[in-house]
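The following note is offered to a colleague who is meeting this structure for the first time. Please read it with the sequence and the model side by side.

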Amino acid sequence: MKPVLMKLNVVPCRFVKRLNRFVALVEVNGEIRRALLTNTGRLEEFLIPGRKAFCTPKSGGKTDFVLIAFEDLGGKGAIVDTRTQARAFERAVELGLVPWLKNCAIKRKEVRIGNSRLDYLFECPSGELYGEMKSAVLRGGEKGEYAMYPDCPTLRGQRHVRELIELVKAGKDAIIFFIGAMPKVEKFRPYEKGDPELAKLLREAKRAGVRIEGLSISLLPDGRVILERPELKVEL
């Protein structure tokens, strides 16, 4: 039995179209509603009109729902909502389920470094560890076994990797990790066609001593978010 990290109040929906970077139209119980879409990637393999998805109700603002996930392999959901990814990751850390953060705790979030804000500062037995999380929801490989990032050019992602490299050069510990938010992924690799410069920077970061890790999660139809794999093999 795979560990359950959290439970969401999900309702079935169908994707209609993306209105802009953060808003999509979905069909819920036969009605067209507006949904918040927190993932700014292209998500071309998911944003297909009529595709079954999972939403959660929300109150306030210009949207009625949050588009959480799209139905994927085995009826499980590929989680595209970056906030859900972060909450699930944090719960996994809290429960001690992440082997590459063994005995670490989240000390702070949104940590200002240079011209960027990194997602986390961890307190580990060896000292402080600066961390950045990225959403890997592009599937690749002959058997679909890879979670990949990014699906489009990302200057922000490039800047974060450069900041991590500089931290390591300054004697700090740093990690970038990827949430493969899809069922049945076993490995991570950068998507070269999405952003070749980012892939190059990740290899440079590894040589510099930045840790690069990953884990995978997915959504069950009843709203349970499960930890699929606590560790993904990273291939650069």
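The numbered points below take up the disulfides, a helix, a sheet and one strand residue in turn.

1. Nature of the model. The structure is a predicted model. The remarks that follow should be read with that in mind.

2. Disulfide count and pattern. How many disulfides does the chain hold? The count comes to two. With the bonded cysteines counted along the chain, the connections follow the pattern 1-2, 3-4. As general background, a disulfide is a covalent bond between the sulfur atoms of two cysteines.

3. The disulfide of Cys13 and Cys55. The sulfur atoms of Cys13 and Cys55 are 2.5 Å apart, and a pair is accepted as a disulfide when its sulfur atoms lie within 2.5 Å. The link of Cys13 and Cys55 is right-handed, with 80° about the S-S bond. This pair connects distant parts of the chain: Cys13 belongs to strand S2 (residues 11–18) and Cys55 to strand S5 (residues 52–57), 42 residues apart.

4. Burial of that pair. Are Cys13 and Cys55 buried or exposed? Residues count as buried under 20% relative accessible area. Cys13 has a relative accessible area of 3%, and is therefore buried. Cys55, at 0%, is likewise buried.

5. The disulfide of Cys104 and Cys124. Here the S to S distance is 2.1 Å. The link of Cys104 and Cys124 is also right-handed, with 115° about the S-S bond. Cys104 sits in the loop between helix H1 (82–94) and strand S8 (105–113), whereas Cys124 is in strand S9 (residues 116–124), so the bond ties together parts that are 20 residues apart in sequence. Both Cys104 and Cys124 are buried.

6. A further cysteine. Cys152 has a relative accessibility of 16%; because this is under the 20% limit, Cys152 counts as buried.

7. Helix H1. Does the span of H1 agree or disagree with the expected value? The 13 residues of H1 should span 18 Å at 1.5 Å a residue, and the C-alpha atoms at its ends are 18 Å apart, so the two agree. Among the buried residues of H1 are Thr84, Ala88, Phe89, Ala92 and Val93. In an α-helix there are 3.6 residues a turn, so residues three or four places apart point the same way. Gly96, which follows H1, has a positive phi near 70°.

8. The four-stranded sheet. Four strands make up an open sheet in the order S11-S12-S14-S17, with mixed pairing. Its edge strands are S11 (138–140) and S17, each of which pairs on one side only. Strand S12 (residues 146–149) pairs with S14 in the parallel sense over four bridges; Ala147 has Phe188 of S14 as its bridge partner. S14 also pairs in the parallel sense with strand S17 (residues 233–234), over two bridges, and Lys187 has Lys233 of S17 as its bridge partner.

9. The two faces of S14. Which side chains of strand S14 (residues 187–190) are buried? Phe188 and Pro190 point to one face and are buried, while Lys187 and Arg189 point to the other face and are not. Such alternation between the two faces of the sheet is what a regular strand shows in general.

10. The surroundings of Ile32. Ile32 is found in strand S4 (residues 31–36). Once neighbours within four places in sequence are set aside, Ile32 is in contact with Val16, Leu25, Val26 and Glu27. Val16 is 16 residues from Ile32 along the chain, and their C-alpha atoms are separated by 8.1 Å.

Terms used: Residues numbered from 1 in each chain as written. Heavy atoms only, no water. Buried < 20%, exposed > 50% of the residue type's maximum accessible area, 1.4 Å probe, protein only. Expected span 1.5 Å × (residues − 1). Pairing = 2+ DSSP bridges. Contact = heavy atoms within 4.5 Å.
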